[in-house]
Every structure is written in C-alpha cells, then in structure tokens.
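Biologist: I'd like to learn how to read a protein model, feature by feature. Please start with the chain itself.

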Amino acid sequence: MEKKLLIISSDITGHGHRSITESLCEKVKSHYRVKIHVVDGFSLGTPLLSTIGKAYGPITRNSETLWKLIWKLSASTPHLVDTIIETLIKDEFLTLLDEVKPDVILSVHPNFNGSILNILEKQQLNIPFITLIADLVNISPLWADRRANYIISPTLEAQNKCAQFGIPAKKIKMTGFPVRSRFLRKDGQQRPRYKKEKPLTCLIMSGGEGVGNMEKIARSLLNHFDCTVKIVAGRNKKLKTKLEKSLNSQYGDRVEIYGFTKNVQDLMHTADIAFTRGSPNVMFEAIAANTPLIITGALPGQEKDNPAFAEILNLGVVCKNPKEVPLTVAKLLENDGEKLNKIIRSQRQFLRANAAEEILQFILKVGDFHLEETILPYTGSRL
C-alpha cells in the first residue's frame, strides 16, 4: 500500500529547509510505495504570515541585531508563537489534510511544530508527527515539543539540547544532517591531497541570502595568493551587482561572481577552500563535497555556535576578521598543506553520507508501526 508523507517546509526563510526537503524527496525514487506532498508552511496562513516569512531575508541581510532580538523573543515565548501560527494556518491546514490524507507528517521548520500539534490534538486527528531539526547546536524550544512522536536530530549537540528541554530520550533519533546526493563525491573520486605547487581555487559563500564581508575576503585572497576566487551572492542581487563592479574591473578573470545558482556542488567540488557563514546547510554540503571550510561568521541565535562546532571537530577553521584571512590561509597551506589535508581527512570520517536515506527509512517505519500512546494529551503547555 502506498504511504503518503506530508512535509511542512519553507521556500522563503533561507534555502536550508528546501535543501533538506529535496534530500529526502530524491530518496523516494527508490521507494515506490511512498508519495511525498511538500507544502510551504507560510503559504498556509493569511497574507500576514507570508509577509512575516518573507521578512527573514531582508532582516538577516540588513540587521543581525534585530534578528537576534526576534530569535530571543520567539525562543522565550514558544507557546505564544504556536498559538498565533495555529490561528493563522488552521483552516488551510485542515483543508490540506482532507486533500492529502497523509499517513505521516514531517516538519522541517520550527515555526510549525507546536501549531500543527495543537490543531491535530484539538481536532482529535491521530496522525504521526515527526520533527526534523534543521539546526546544529543552538536549538530553539520551537523544535522541542514533547507531543511529537519523534524528533530527528542531526547532531549530538542538538540531541542534548532537546533533552534539556525535556524531550524523552526514546523520542529522539540521531541520524546526521541530510544532504542532497549531488554534493557527495562519487565512489573512487575522493578529493586529492593539496599540493603547494597548485594555484588556489577559493569559493566564497554566505547562504541563500548573501550576507557577510565577501568583497573584503576576496580582496585579501587576491592580493596575497596565486588564486582564483568564485563568489556566490545568492538571492542578493544588489550584492552581486556591487561585487561585479568593484572586483571584475580590477582583477579580471581571476574573479567569478554568481547569483543564486543550482550548480553550487560543482563549485564546491573544484574549490580548495570554501569561505562561508555558519549556515548548517551550506556547512554540511561543503563537508559532503569534502571541501575544507573557513567560517567567517554566523547569524545570532540558531547559528551562533556553529563555527565552534566545525572547529572542534576539525571540519574547518574560523576566521571572522577579513584582515586575518591571509594568515589563516597561510597556516592551512604551510608544510605542503598539512593542516588543510587533515581537515579533508576529518570531514571524510565525520560525514554520514546515508543520513537522508536513514531518515526516510525511519519515517516509513513510524508510519507503519505508529503507537498511539506516544502522543501526549494537550495541556496548553509545550514542556
């Protein structure tokens, strides 16, 4: 019998939620009895909810201070966020359930966990609900609702945070971070060791919203190393235009500027080093491509401790000051790239390449063997 999986995702709050969703959808091809229906959670509400979602990009690009305040407020009042979103999406969500008739619901966005669980319980709809956390270390309480059947965690750090929020250990499944298969290197095509005779190819990214000191980093590299610099400005069209005017005229074909591109994996596979913000999705796609990371910063809130996470596990190094880029790169390259090659080995050992497949298999198992007693009664409180 065909199983129906409803995924609540988002296309307008960064690119990470969509990427996670795509990593699961591509695995369905090998599971003919599964049909996936994906919906943007923000599309279920009134125009107000969509407007809120679309504000994520401009806010994170232009005011990290404001984003920090918003993140703290939502983390301190998760029940209020749940109630507001429940009110905004209830009618459309119930219509969606009637149309799709899902066997399992998976949420990959924190804003829709408690709100959907509220609706399911108040309507006495006994549909298994699973949360897939899209963050690594700093987990908002919005991810951790005890009423979920299971919470899938990508890291031990996220798992421990869920436990601190009162989630029973039996409800937490740790799988690794799901990555789209095109970022994985094919069997037998491992990244070669770095050799100092070779000119550097550097990739500069900053997540789908294109934030950060891209121009300063590029200039530091171009002025100090024999290198080619490729920059992905993401959805930030103004940034792309600015970079083209300021860099191409001076450095010519040593610089390549891209907007939002679907071929990021090719850029990662050919890069010796990737400079990126501490976005979970971008970090793990680089790790899957076995591309050493230099993490240049992170959004406050959900990304705050991601740079340290990568450095502790030797998946990359942290360099938040563009003026220190030359020294940071030089240390990676000294002794014929000794430190750079150690990062390459650490990434290979760390990566769980089958995470997406493991997650899908787990979801299907929950759909087949759902236990009613795993849903707690609604009490009006999350924890």
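Biologist: Let me pick one ring to begin with. What does F350 count as by its relative accessibility?

Modeller: The general idea is to sort residues by relative accessible area: buried is under 20%, exposed is over 50%, and partly exposed is in between, with a 1.4 Å probe and protein chains only. F350 comes out at 26%, so F350 is partly exposed.

Biologist: And what kind of model am I looking at?

Modeller: A predicted one, where local features need pLDDT of at least 70, side-chain atom pairs count only at pLDDT 80 or more, and totals for chains, interfaces and linings use all residues. Residues are numbered from 1 along each chain as its sequence is written, and side-chain values use heavy atoms, leaving out hydrogens and water.

Biologist: Back to rings, then. How many aromatic pairs are there in the whole structure?

Modeller: Phe, Tyr and Trp rings (for Trp, its six-membered ring) pair if their centres lie within 6.5 Å; planes under 30 degrees apart are stacked, over 60 edge-to-face, and the rest tilted. A search of the whole structure turns up six such pairs. Take Y150 and F362: the ring centres sit 5.1 Å apart and the planes meet at 80°, so this pair is edge-to-face. Y150 belongs to strand β5 (residues 150-153) and F362 to helix α14 (residues 355-368), so the pair ties together parts 212 residues apart in sequence. Helices here are DSSP runs (H or I, at least four residues), as are strands (E, at least two), numbered from the N terminus.

Biologist: How accessible is Y150, and what does F362 count as?

Modeller: Y150 is partly exposed at 22% relative accessible area, whereas F362, at 14%, is buried. Your F350 pairs up as well: its ring and that of F309 have centres 6.2 Å apart and planes at 75°, so they are edge-to-face too. F309 is in helix α12 (residues 306-312) and F350 in helix α13, so that pair joins parts 41 residues apart. F309 is buried, with a relative accessible area of 5%. These two rings also belong to one aromatic cluster, formed by F177, F284, F309 and F350.

Biologist: Now helix packing. At what angle do α5 and α6 pack?

Modeller: Two packed helices are described by the angle between their axes and the distance between the axes. Axes are lines fitted to C-alpha atoms, over the stretch in contact for helices, and angles run from 0 to 180 degrees between N-to-C directions. Helix α5 (residues 78-100) and helix α6 (residues 113-122) pack at about 60°, with axes 8 Å apart. That makes α5 oblique to α6; under 35 degrees would be roughly parallel, over 145 roughly antiparallel, 65 to 115 roughly perpendicular, and the rest is oblique.

Biologist: Which residues of α5 and α6 meet?

Modeller: Contact means heavy atoms within 4.5 Å. In α5, the residues include D82, I85, I89, F93 and L97; in α6, they include S115, I116, I119 and K122. By class, that contact has eight nonpolar, four polar and four charged residues. Nonpolar means Ala, Val, Leu, Ile, Met, Phe, Trp, Tyr, Cys and Pro, charged means Asp, Glu, Lys and Arg, and the others, Gly among them, are polar.

Biologist: How do α8 and α13 cross?

Modeller: The axes of α8 (residues 214-224) and α13 (residues 325-350) come within 9 Å and cross at roughly 55°. The two helices are therefore oblique to each other. I217, S220, L221 and H224 in α8 meet V325, P326 and V329 in α13. That contact has five nonpolar residues, two polar ones and no charged.

Biologist: Which residues of α1 are buried?

Modeller: In α1 (residues 16-25), they are H17, S19, I20, T21, S23 and L24. Their cover includes β1 (3-9), β2 (34-40), β3, β4 (129-132), α11 (280-288) and α14.

Biologist: Where is K3, a charged side chain, found?

Modeller: K3 is in strand β1 and is buried, at 18% relative accessible area. Beyond four places in sequence, K3 touches R33, V34, K35, D103, G367 and D368.

Biologist: And N111: where is that found?

Modeller: In the loop between β3 (104-107) and α6. N111 counts as buried at 19%, and, leaving aside neighbours within four places in sequence, is in contact with F42, I85 and L142.
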